[in-house]
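Visitor: I am new to this structure, and I would like to understand the reasons behind the terms that are used for it. Could you take me through them step by step?

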Amino acid sequence: MSPAAEPGRLLRVDHAACCRSGACSLVAPDLFDQGDDGKVLLKTARPPAHLWEAAEEAADYCPVSAIELETLPE
Amino acid sequence: MADQLPTYPITERTCPYDPPAGLLELQSQAPLVRVQLPTGPAWLVTGYDAARALLDDPRMSSDMGREGFPTLYKQKMRPVLKGSFMRMDGDDHAFYRTMLAGEFSVKRVAAMRPEIEEACDQLLDEMVRKGPPTNLHEAYGIPVSSRSICRLLGVPYEDSEFFTTHLEALFDPHRAGAPERIAASKAALSGYLDELVTRKQKDPGDDMISRLVADYLVPGKVERPELLLTSYLLLAAGHETTANMITTGTAALLMHPEQLTAVRDEPQLLRGAVEELLRYLSIFQFGITRIAVEDVTFGDQTVAAGEGIIVSPLLGNRDQDVYGDPHTLDVRRRSRPHLSFGHGPHLCVGHTLARIELQIAFERLLARLPDLSLAVPASEVPFRTETLVFGTVDLPVTWGGRTAGASA
Ligand code: HEM
Ligand code: HEM
Ligand code: SF4
């Protein structure tokens, strides 16, 4: 999914906190999936720049703030 | 002084689409405002950020059995039944959400799409066959919702008529049924679910009940009454809400024709349009209740241990600091997540299903009847402002050559 990952942003999910809502896969299917048990599966930790906005949206939609998008130092 | 607090709920609306003025006035005071509920004083949560913070705070309990729990109706305190997970906290609550999560995963719900589409198309065929005008709630909103629930649970086709008849009677919007009839339908549905579990035990299918029987009931992880109660709760919380959203969402589009045209002609707007309609209509209008088990501070305000809160999605969804021009319906809006499904670990378990149902329902309706219009003047469409679920259940619509002489 992420060709020649661009530097800059690191996507992280807290699996223990994830409450299996499916909200992230719904708004950003290119970045998130769910296991059969509903738990979040991260497709890539280094999203390409054109998916940063989707990643931010997913983090906002997560009902338990289990998604974090970090800006990596240059 | 308690007797000087504004009483809640406040229901008097001038325009059915706008929150009551008295409610907006409270929002302008503070993110948390003391109000008087039928059960006593509580904090009304008026702000978006406060709503999200408090609904995702483990010190806020959903346990209605706790002394002082805020409710909108005076009722006897009862301990929460095993399986009534809406009213549980922490690991007990998570157990049931884990049990259901796979059933509502984005993939599982997407797999239901063809069947929901087929149901919508059949209902539209039927509407067209009978001809206009028709009450869209009865012809479309209600049955789209009840058929989707049949599919979710795995109610076989030959039983779906029996099942939907009783489900619809339980939520009869006009309460035409005598209380005994409603009680009879409730008993019929509970009895039917019981039978269904027995049947799926012998002859499993590709559906929720079959999987819960095999993975939870048979290995002894849940008891039979718990499984039945959990399934029943899905009907109770999922049917009327979704049906109402289909009908009231259509009403809002018909009364904002430029918005309807945009959704009809640009199907890529559909997903955002559904979110905007959920935000704009905030049908679960009065709020989501919790009780603080410890002192919880938001900004410079504190909810003390033992105090109740009621989170208003209606106000949070119209928070000026979050939504520009919040009182305008704009299907092209790209905005932060609305609060209509709640927030935190109790976020509506059916949100994935409700969202896909709404997308399909509007898409099929507008594609099939592109000239759909109101069959009465907009001012004659009755809105229910005093019910738990806001909206209209009487939406007379017409289409095709617009019956000459119709009052619209
Ligand atoms: C547009 C339609 C719907 C709306 C507006 C809606 C709204 C809500 C809201 C606001 C909550 C949160 C309650 C709280 O935090 O205490 C909730 C919870 C819930 N909803 Fe929905 N809902 C809808 C459709 C559905 C559907 C289709 C189902 C099931 C098939 C469903 C089942 C539930 C259940 C079981 C809960 C309790 C979740 C929990 O406490 O963990 N809802 N819903
Ligand atoms: C979150 C806690 C909730 C609990 C504990 C709860 C529980 C229930 C139960 C057990 C019933 C069945 C009542 C009966 O048949 O006697 C019911 C009915 C109903 N629920 Fe909920 N539900 C909750 C959330 C919701 C939500 C979020 C909505 C709407 C968005 C909703 C709307 C309704 C409506 C309209 C009825 C029909 C009431 C009537 O009989 O007229 N509920 N609820
Ligand atoms: S949105 Fe959050 S809680 Fe929901 S599945 Fe994704 S990570 Fe889990």
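Guide: Let us begin with a sheet in this predicted model: in chain B, three strands form an open sheet in the order β4-β10-β9, and their pairing is antiparallel.

Visitor: What makes β4 and β9 of chain B stand at the edges of that sheet?

Guide: Both β4 (134-135) and β9 (373-374) of chain B have a single partner strand, so one side of each is left without a neighbour in the sheet.

Visitor: How do you know that β4(B) and β10 of chain B count as joined strands?

Guide: Pairing asks for at least two bridges between two strands, and 2 bridges join β4(B) to β10 (residues 396-398) of chain B, so the requirement is met. Within this antiparallel pair, Asn135(B) stands opposite Pro396(B).

Visitor: Which strands make up the open sheet with mixed pairing?

Guide: That sheet has 5 strands, all from chain B, in the order β1-β2-β8-β5-β3. Its edges are β1 (32-37) and β3 (60-61) of chain B, each with a single partner strand, so that one side of each has no neighbour in the sheet. Further in, β5(B) pairs with β8 (residues 308-311) of chain B in the antiparallel sense over 4 bridges, and Arg290(B) has Ile309(B) as its bridge partner in β8(B).

Visitor: What makes Cys348(B) a donor of the iron atom of ligand 1?

Guide: A sulfur atom counts as a donor to such a metal when it lies within 2.8 Å, and the SG atom of Cys348(B) is at 2.3 Å from the iron, so Cys348(B) qualifies, as the only protein donor. This cysteine lies in the loop between α13 (313-316) and α14 (351-368) of chain B.

Visitor: How do you know that Arg97(B), Arg290(B) and His346(B) make polar contacts with ligand 1?

Guide: The limit for such a pair of N or O atoms is 3.5 Å. A polar side-chain atom of Arg97(B) lies 2.7 Å from an oxygen atom of ligand 1, while the corresponding distance is 2.8 Å for Arg290(B) and 2.6 Å for His346(B), so each of the three falls within the limit.

Visitor: Which parts of chain B supply the shell around ligand 1?

Guide: The shell holds 23 residues, and α3 (90-101), α10 (224-254) and β5 (288-292) of chain B each supply at least two of them. The greatest contribution comes from α10(B), with 6 residues. By class, the shell divides into 13 nonpolar, 8 polar and 2 charged residues.

Visitor: How many residues of each class surround ligand 3?

Guide: Around ligand 3 there are 9 nonpolar, 2 polar and 1 charged residues, among them Cys18(A), Arg20(A), Ser21(A) and Ile67(A).

Visitor: How many residues take part in the contact of chain B with chain A, and what area is buried?

Guide: The contact takes 20 residues from chain B and 21 from chain A, and the two chains bury about 1,700 Å² between them, of which 49% is on carbon and sulfur atoms. Val106(B), Arg271(B) and Pro337(B) supply 25% of the area that chain B buries against chain A, more than any other three residues.

Visitor: Which peptide bond next to Pro9(B) is cis?

Guide: The bond from Tyr8(B) to Pro9(B) is cis, with omega near 5°, and Pro9(B) is placed in the segment before α1 (21-29) of chain B.

Methods:
Residues are numbered from 1 along each chain as its sequence is written. Chains are lettered from A and ligands numbered from 1 in the order in which they are written. This is a predicted model: local features need pLDDT of at least 70, side-chain atom pairs count only at pLDDT 80 or more; totals for chains, interfaces and linings use all residues. Side-chain values use heavy atoms; hydrogens and water are left out. Donors are N, O and S atoms within 2.8 Å of the metal (3.2 Å for Na, K and Ca); water is not among the atoms, so sites may look incomplete. A residue is near a molecule or strand if one of its heavy atoms lies within 4 Å of it. A polar contact is a pair of N or O atoms within 3.5 Å; within protein, one must be able to donate a hydrogen and the other to accept it, and residues adjacent in sequence count only if both atoms are side-chain atoms. Ala, Val, Leu, Ile, Met, Phe, Trp, Tyr, Cys and Pro count as nonpolar, Asp, Glu, Lys and Arg as charged, and the others, Gly among them, as polar. Contact means heavy atoms within 4.5 Å. Buried area is the accessible area (1.4 Å probe) that two parts lose on being put together, summed over both.
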